[in-house]
Amino acid sequence: MSPRAGNAGPRTLAFVESPVQLLNVLEWAHAHTPGAGLTLVVLSPVDPMTRGQLRRMAELAREEGYEVRWEEARGGASAPFQTIGGLMGVLRRADRIVMGDPFSRYVQLLLTITRASELVVVDDGTATMEFVTQLARGERLVRWHRRGARPGPRDLLFAPVSSSARRRLTPGGDRRVEVFSSMPIEQTPDGVTVTANDFAWTRARFGPPRITKGADMVGTSLVETGVVDADRYLEAVSSLAKAHGARRYFAHRRESVEKLHRLAVETGLEVVRPDLPLELIARRGPVGRTILSFPSTVVHTLPLALAGTEVRVAVCDIDPDWLTRTASPRAQGFLDGVTGTARDVHRLSAVQAV
């Protein structure tokens with residue numbers, strides 16, 4: 001149990017919707033002074049793999065001495081109303097709110113209710129880079145892969161709530177805002193405190209890993225989000241695996257079953273569906289001497305989680321020809337930025353199709 005868990009301190013309420021967000025709340029709690037009264041509220045999604053990883057992460061959080069509150073936030077039409085109604089009391093009593101996804105409509109709605117004077121945003125992957133940039137420029141909060149798209153009816157209906165959330169996330173008066181991140185933050189909004197996440201809790205809790213020969217590959221959901229063409233992606237995975245002798249493919253939790261089946265058949269890679277975020281899986285081991293990835297969060301986080309080991313992280317650029325016709329005009333520049341700003345990684349040119 002964490003020695004911090006029982007100390008007196010501000011009442012902290014953390015909202016998470018993914019395993020990575022929960023991991024980064026644990027890292028934030030580990031890095032800060034007494035985080036007592038920390039209650040983790042899991043706004044559970046419906047995806048089975050994400051739910052499974054969240055349950056495993058919730059177990060780790062309880063082992064650290066934190067309270068975990070599991071909410072079936074998407075379990076039917078009435079679920080959001082029941083969830084928000086049940087959280088009203090703790091929301092109003094909280095001194096500090098920690099959140100993993102400021103783009104989430106659920107979180108934005110909850111921000112309109114809380115009176116907390118301190119707001120903390122922990123990493124939800126590379127989207128954190130975009131969030132900080134948009135906040136600094138005073139822009140509306142839009143996920144990077146949707147930039148340039150015309151707002152739909154639901155976007156227009158939700159616009160007042162999103163605008164209110166953006167104002168709440170802007171420091172002013174007695175309201176303090178912190179971003180706790182392992183991502184490169186180049187444009188910091190006025191008044192926002194940026195704290196580096198170096199994955200100290202992960203390194204202390206797991207490993208060091210046993211290192212095997214050969215390479216492992218890390219999957220991405222760029223196909224599922226409509227950014228990269230599926231055929232081009234599979235061709236690139238096949239070429240990369242052959243060039244580097246990769247044997248295992250660690251699937252992203254959002255990758256479709258159909259795509260993963262096709263990938264296994266066409267490439268011969270062993271598809272692994274992790275039960276924990278990859279940072280913990282890699283740190284726990286065994287792990288290949290080289291980890292191959294396309295532009296994604298792990299090119300920033302894995303070098304930190306694996307610091308002090310001999311594992312090399314290599315990132316392969318995304319060829320512009322792989323992008324779909326419907327990909328956001330912002331996509332190529334954003335992906336190049338993810339790769340270009342990564343530290344302690346080996347950069348690979350875009351592979352050729354097989």
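Me: Why are strand 4 and strand 5 said to pair, and in which sense?

Reply: Two strands pair if DSSP finds at least two bridges between them. Strand 4 and strand 5 share 4 bridges in the parallel sense, so the criterion is met. One of the partnerships sets isoleucine 97 opposite leucine 119 of strand 5. The elements themselves are DSSP runs numbered from the N terminus, helices being H or I with at least four residues and strands E with at least two. This is a predicted model, in which local features need pLDDT of at least 70 and side-chain atom pairs count only at pLDDT 80 or more, while totals for chains, interfaces and linings use all residues. Residues are numbered from 1 along each chain as its sequence is written, and side-chain values use heavy atoms, with hydrogens and water left out.

Me: What makes the passage from strand 4 to strand 5 a crossover, and of which hand?

Reply: The chain goes from strand 4 through helix 4 to strand 5, forming a β-α-β crossover that is right-handed. The term applies because, with the strands pointing away from the viewer, the path from the first strand over the helix to the second runs clockwise.

Me: What joins strand 5 to strand 6?

Reply: Strand 5 and strand 6 (residues 176-181) run parallel and are joined by 5 bridges. Leucine 119 has valine 177 as its bridge partner in strand 6.

Me: Why is strand 5 called mostly covered?

Reply: A residue is buried under 20% relative accessible area, exposed over 50% and partly exposed in between (1.4 Å probe, protein chains only). In strand 5 (residues 118-122), 5 of the 5 residues are buried. Glu118, Val120 and Val122 point one way and Leu119 and Val121 the other, and all are buried.

Me: How many residues of helix 5 are buried?

Reply: Of the 11 residues of helix 5 (residues 127-137), 9 are buried, among them Glu130, Phe131 and Gln134. Glycine 138 follows helix 5 with a positive phi, near 70 degrees.

Me: How do you know that the length of helix 3 agrees with its number of residues?

Reply: The expected span is 1.5 Å times one less than the number of residues. For the 15 residues of helix 3 (residues 79-93) this gives 21 Å, and the end C-alpha atoms are 22 Å apart, which agrees.

Me: Where is helix 3 kinked?

Reply: The kink of about 45 degrees is centred on leucine 87; the bend at a residue is the angle between axes fitted to the seven residues ending there and the seven starting there. Leucine 87 is also one of the buried residues of helix 3, which include Thr83 and Leu91. The buried residues of helix 3 pack against strands 1, 2, 3 and 4 and helix 4.

Me: What makes a set of residues a nonpolar core, and which residues have the most contacts inside the largest one?

Reply: A nonpolar core consists of buried Ala, Val, Leu, Ile, Met, Phe, Trp, Tyr and Cys residues joined through side-chain atoms within 4.5 Å. The largest has 41 residues, and Leu22 and Leu40 have the most contacts inside it. Helix 1 (residues 19-31) gives the most to this core, with 6 residues. A second, separate core of 30 residues includes Leu13, Leu87, Leu111 and Ile113.

Me: Which residues does leucine 22 touch beyond four places in sequence?

Reply: Contact means heavy atoms within 4.5 Å. The partners of leucine 22 include Val16, Leu40, Leu54 and Met57.

Me: Why is threonine 339 called buried?

Reply: Threonine 339 has 3% relative accessibility and therefore counts as buried. This residue lies in helix 12 (residues 331-340). Leaving aside neighbours within four places in sequence, threonine 339 is in contact with Pro295, Val315, Asp317 and Arg347.

Me: Is phenylalanine 199 buried or exposed, and what is its phi?

Reply: At 1% relative accessibility, phenylalanine 199 counts as buried. Its phi is near 60 degrees, a positive value in a residue other than glycine. Phenylalanine 199 is in the loop between strand 7 (192-196) and helix 7. Most residues other than glycine have a negative phi, and most peptide bonds are trans.

Me: Which value of omega belongs to the cis peptide bond from glycine 207 to proline 208?

Reply: Omega is near 5 degrees for this bond, and proline 208 is in the loop between helix 7 (200-205) and strand 8 (211-218). A cis bond also joins glycine 285 and proline 286, with omega about -5 degrees.
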